[in-house]
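The exercises below concern backbone geometry and sheet topology, and each is followed by a solution that proceeds step by step. Please work through each task on the displayed structure before reading on.

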Amino acid sequence: RHIIINKFLSYIKKILYGKYLNYGGCWFHGANLSRKITKSKIIPHLIVHNNSNLWRINNILPNSILHRVDISNKTSIKQIIKKIEPDLTYHLASYI
């Protein structure tokens, strides 16, 4: 039981203090999640497409780390993820 409790506490610490990566941070759901995260005093990493309009997240940009990238380029995405080493990743992007 002790091991299970320690794993659970480790998971809770990651949720409370970990590195968040929000893939698709300026779309509707991504922007809303990013706002909630920044209200918790956590600085999320946001991956957005090169030509994305940032109007939904302008108010949280000072409290976020923005990564502009071609989201269809798997190599670029992998490099960002490797650099950040996120504890939690939310994939809320779509590419048309």
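**Exercise 1.** Is E85 buried or exposed, and what is its relative accessible area?

*Solution.* The model is a predicted one, and the values used here are computed from it. Begin with the location: E85 sits in the loop that links α3 (74-84) with β4 (88-91). Next, take the relative accessible area, which is 58% for E85; because exposed means over 50%, E85 counts as exposed. Finally, look at the backbone, where E85 has a positive phi of about 55° although it is not a glycine.

**Exercise 2.** Determine where K41 lies, and describe its phi and its accessibility.

*Solution.* First, K41 is placed in the loop between α2 (28-39) and β2 (45-49). Second, its phi is positive, at about 70°, although K41 is not a glycine. Third, the relative accessible area of K41 is 74%, so this residue is exposed.

**Exercise 3.** Establish the strand order of the sheet, then place α3 against it.

*Solution.* Start with the order, which reads β3-β2-β1-β4 in an open sheet of four strands with parallel pairing. The edges are then β3 (65-69) and β4, each of which pairs on one side only. Neighbouring strands of this sheet are turned against each other by 20° on average, direction ignored. Within the sheet, β1 (residues 20-23) and β4 run parallel and are joined by four bridges, and L21 stands opposite T89 in β4. As a last step, α3 is found to lie across β1, β2 and β3, and it runs at about 160° to β3.

Conventions. Residues are numbered from 1 along each chain as its sequence is written. This is a predicted model: local features need pLDDT of at least 70, side-chain atom pairs count only at pLDDT 80 or more; totals for chains, interfaces and linings use all residues. Side-chain values use heavy atoms; hydrogens and water are left out. Helices (H or I, at least four residues) and strands (E, at least two) are DSSP runs, numbered from the N terminus. Buried means under 20% relative accessible area, exposed over 50%, partly exposed in between (1.4 Å probe, protein chains only). Two strands pair if DSSP finds at least two bridges between them. Axes are lines fitted to C-alpha atoms, for helices over the stretch in contact, and angles run from 0 to 180 degrees between N-to-C directions. Contact means heavy atoms within 4.5 Å.
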